[in-house]
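Trainee: Got a minute? I'd like to go through this structure with you.
Mentor: Sure, pull it up.
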Amino acid sequence: MQTWLFKSEPDAFSWDDLVSRGKKGEAWDGVRNYQARNNMRKMQVGDLGFFYHSNEGKDVVGICRVIAKAHPEANDATGKWECVDVAAVTAMPKPVTLDAVKLNPKLAGMMLVVNSRLSVQPVTAEEWKEVCRMGELDPKKLKGS
DNA sequence: GCCAACGTTGGC
DNA sequence: GCCAACGTTGGC
């Protein structure tokens, strides 16, 4: 299993919005960046991701799960763009702010720090563990979900 | 609201 | 195929 980070402006689509979708989840559409699309193409059902609020909050607020592999966007006339479907798994007991991430030397290489503009990012196993620790979430409890 | 960083577009 | 111009993103 790989881990990822999904960015969203809470004004447009927030963590609460995803939670309200329940098990049906949400199509992660609107991505118009090849790097982000390519990351989504690598995702497998069951992969987990951080849900990050950009602009407002600037923090990792929850964990989501990929429930459908990359598929063409319904309303994309060009046929170039794809999206995965994601559903909420659990909220972060303690949201991890961008400030806190930047202050942690272990996370200096995170895409969130290095390339903050990429909207769908890969997260390494080490980064995943560390951010979960900071958020006071036991990553082992996420397994098998 | 500003602006730096980045990605894309289009003229040559 | 290069690169200047432009648009967008997102932190501050």
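Mentor: Start at the hairpin of β3 and β4. It has 5 residues between the strands, and Asn55 takes a positive phi near 65 degrees there. Keep in mind that this is a predicted model.

Trainee: OK. In what sense do β3 and β4 pair, and over how many bridges?
Mentor: Antiparallel, over 6 bridges; β4 covers residues 59-72. For a landmark, find Gly49, which stands opposite Cys64 in β4.

Trainee: And which way does β1 run against β3?
Mentor: Parallel. β1, residues 3-8, is joined to β3 by 6 bridges. Look for Lys7, opposite Tyr52 in β3.

Trainee: Is β3 buried or exposed?
Mentor: Buried. 6 of the 6 residues in β3, residues 48-53, are buried, so the strand is largely enclosed by the rest of the structure.

Trainee: Which residues point which way from β3?
Mentor: Leu48, Phe50 and Tyr52 go one way. Gly49, Phe51 and His53 go the other, and all are buried.

Trainee: Switching to the DNA. Which residues surround strand B?
Mentor: Asn33, Tyr34, Gln35 and Arg117. Of the atoms of DNA strand B that come within 4 Å of the protein, sugar and phosphate account for 42%. The surface residues near DNA strand B split into 1 nonpolar, 2 polar and 1 charged.

Trainee: What does the side chain of Arg117 approach?
Mentor: A base nitrogen of DNA strand B. An N or O atom of the Arg117 side chain is 2.4 Å from that nitrogen.

Trainee: And the side chain of Gln35?
Mentor: There the partner is a phosphate oxygen of DNA strand B, 3.2 Å from a side-chain N or O atom of Gln35.

Methods: Residues are numbered from 1 along each chain as its sequence is written. Chains are lettered from A and ligands numbered from 1 in the order in which they are written. This is a predicted model: local features need pLDDT of at least 70, side-chain atom pairs count only at pLDDT 80 or more; totals for chains, interfaces and linings use all residues. Side-chain values use heavy atoms; hydrogens and water are left out. A residue is near a molecule or strand if one of its heavy atoms lies within 4 Å of it. A polar contact is a pair of N or O atoms within 3.5 Å; within protein, one must be able to donate a hydrogen and the other to accept it, and residues adjacent in sequence count only if both atoms are side-chain atoms. Ala, Val, Leu, Ile, Met, Phe, Trp, Tyr, Cys and Pro count as nonpolar, Asp, Glu, Lys and Arg as charged, and the others, Gly among them, as polar. Buried means under 20% relative accessible area, exposed over 50%, partly exposed in between (1.4 Å probe, protein chains only). Helices (H or I, at least four residues) and strands (E, at least two) are DSSP runs, numbered from the N terminus. Two strands pair if DSSP finds at least two bridges between them.
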